[in-house]
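Trainee: Could you take me through one part of this model closely? I'd like to hear about the place where the two chains meet.

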2 protein chains.
Amino acid sequence: MPIGDNVMVGLNCLEPGQTQKTHAHSGADKFYFVLEGQGKFIVGDEEREAAAGMLVVAPSGIPHGVSNNASERLSLLVTIAPSFK
Amino acid sequence: MPIGDNVMVGLNCLEPGQTQKTHAHSGADKFYFVLEGQGKFIVGDEEREAAAGMLVVAPSGIPHGVSNNASERLSLLVTIAPSFK
């Protein structure tokens, strides 16, 4: 991931059937921007579908994860700040 | 722009002929991810073309700007961290 002093931005791809397990970053906010495909996102108590062009926000400390239950690749531009050092 | 405590993410669009003048953010890193189109980016002493799928990084304090000299809209997902408060 390209890393600045304050933020990092990277690409996460999930193939159909793949899941990123629910987890939390204490002290770091995360944004998922959906580049292609669609996924089922969990943020805290909410579960929602998001597709290309949509932004999903997981504030610091809130558990979050995503599953690709669709038939095409799910590509996500992921921003985490502050960056892990 | 959606704003977390630590980061903000937003969409900037430049029509053909539009320019974002060179400027700097003291204490904040900026990432441009090119969603569509292409642009001429300036970061510090460097000037480079970037097109869809490419990431341009402007570290804290480094002057940066972008011009759309192409014939289609330039759409940028922009991340700034830490967020302006």
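Mentor: Sure, let's start with the polar side of things: between chain B and chain A there are five residue pairs in polar contact, both at pLDDT 80 or more (a pair of N or O atoms within 3.5 Å, where within protein one must be able to donate a hydrogen and the other to accept it, and residues adjacent in sequence count only if both atoms are side-chain atoms). Keep in mind that this is a predicted model, where local features need pLDDT of at least 70, side-chain atom pairs count only at pLDDT 80 or more, and totals for chains, interfaces and linings use all residues. Residues are numbered from 1 along each chain as its sequence is written, chains are lettered from A and ligands numbered from 1 in the order in which they are written, and side-chain values use heavy atoms, with hydrogens and water left out.

Salt bridges across this interface come to zero, taking one as a side-chain nitrogen of Lys or Arg within 4 Å of a carboxyl oxygen of Asp or Glu. On chain B's side, the elements giving two or more residues are strand 1 (8-14), strand 3 (29-36), strand 6 (55-58) and strand 8 (74-81); strands here are DSSP runs (E, at least two residues), numbered from the N terminus. Strand 3 of chain B gives the most, with four residues. By type, chain B's side splits into 14 nonpolar, four polar and two charged residues, where Ala, Val, Leu, Ile, Met, Phe, Trp, Tyr, Cys and Pro count as nonpolar, Asp, Glu, Lys and Arg as charged, and the others, Gly among them, as polar.
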